[in-house]
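Student: I'd like to learn how to read a model like this one. Could you walk me through it?
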Amino acid sequence: MSVTSSPSRRRGSSSSGSREETLHVSLADGHASMWVWLCLFALVVSFLSGSSRHDAVQLIALRPLAALFLIPALYYLTLEQARKAYALLLILGLTAVWMAIQLMPLPPSVWQGLPYRDLVQELDLLTEAGEVWRPISWAPSRGWNALASLIVPAAALLLALAMRANWRVLLLLVAALGMMDALLGLAQLLSGRTSPLYFYAFTNRGSPVGIFANENHSAVFSAIALLVIVRVGTTLNAIKDPQWLRFAWPPAFLIVLLAILASNSRAGFLMAAVALFGSGLQFWLAATSRRKRAHQGKALQWLAQHPRVLLGLFTLLVIGLLTAFYQMEQAPGLEGLIARDTFDDLRASLWPVLSQMMSAHFWFGIGFGSFEEVYHIYEPTALLLPTYVNQAHNDWAQLVIEGGVPAAILLLATLGWMAFRLLSFLRDGAAALPSVIFWGAVFAIICSASLVDYPLRSPIFQIILAWLLLSLALERRNSEKA
């Protein structure tokens, strides 16, 4: 496979100019086989990996197919390519190791000292089970399932590295998934609750869930897709990149925005507000970029010279769409956000229970995938509802509950790596401002959504996160070469 190369640095150019040339890696770089493998992988996972449930029937096909993609990934992967994402690979590997340790049988003298194991010990005495070796995980079958689930994000990360995709190619793939999610979601909405376009048995029928099973996850991803689409559109290389992209990304942005407006997700609306603010800043910076004015016509040159007009038009368009949907009562998420207290729901009631679980199992965790089973021990009578809780609705709290201190350390290492990469852009001065705004908004959405929901529990979101993190690593490497 050929390696994507950055444009050579012009002699005598400024540092900001050379950085912009470096960031303009072409979407056309790389062989056709790169696009074939990555697009095929994206197509497969988009129809099979939208559910966070451990018993989704689609997993029967998803994981074997993901394993098949490891064949070209490992065949073409080189040590040089792996070094580009060594931190991400290390974190993923250590996560797998800790999951495996939690599944190792321990002698009774060890596991009986873990929190709440006295209950299990009493049952062993009553049943005369004898000296039984047990692992840290309370539900080992769920733990093995969680360990096997890592094959999907691992395949996404390794395949992208092996195919030598540059950071803009990865963003384009994420944008394409966002467009697919929005179009499918709108089609689901138009075809009704009984539509065959809903892929999962447990899903939000009547809502635009797209390639997901959960409307909140779809709406949050759509908010991320808005930022990614703008990022791809405002960094297009007028000479090397396909011309159709210049005309495709504005309508793609509007379609994704329409899908969010039609959603019943309050979290999606809040995350969309962050995305629209970040998108507006990206529009502003793109309009004021002198380097882009040389490739524009007279009308676009005039707009570039009057960025306030462009930003005003963008703001009026968004406000107009919001007002129109609200007046037609076709924005249930916005209506729910206005009419109800967003904290007066199950998530707020769960927090005391989650705090108790974290305190009891802080050191070693209950085992990945075991939350649903162990939650029944702590579930108060007041929360006995017709619907049951199978996730913590807080990714960060559930990670600590299931993984303990080792998982918390890995989480902090990941967040620290992200912060270091983001802050390192500031060394490039004003030229790095678009990157800082984009990545800051993307990770703000992911981290905020994970505080009130569990988007990262679905395999497709894990793939998207893997590609976004790799894109961040590759973009920073390119800027450092400037």
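Student: How does the span of helix α10 match what is expected for its residues?

Tutor: Helices here are DSSP runs of H or I, at least four residues, numbered from the N terminus, and the expected span is 1.5 Å times one less than the number of residues. Helix α10 covers residues 167-191, and its 25 residues reach 36 Å from first C-alpha to last, close to the expected 36 Å. Bear in mind that this is a predicted model, where local features need pLDDT of at least 70, side-chain atom pairs count only at pLDDT 80 or more, and totals for chains, interfaces and linings use all residues. Residues are numbered from 1 along each chain as its sequence is written, and side-chain values use heavy atoms, leaving out hydrogens and water.

Student: What sits at the start of α10, and what comes just after?

Tutor: At the start, a side-chain oxygen of N166 comes to within 2.9 Å of the backbone nitrogen of R168. Just after α10, G192 has a positive phi of about 90°.

Student: Which residues does L470 touch?

Tutor: Contact means heavy atoms within 4.5 Å. Leaving aside residues up to four places away in sequence, L470 touches A85, L88, L157, A160, L161 and L170.

Student: And how many helices and strands are in the protein?

Tutor: The protein has 22 helices and zero strands. Among contacts between residues at least 6 apart in sequence, 77% join residues at least 24 apart.

Methods:
Helix = DSSP H or I, 4+ residues; strand = E, 2+ residues; numbered from the N terminus. Polar contact = N/O pair within 3.5 Å; in protein donor to acceptor, adjacent residues only side chain to side chain.
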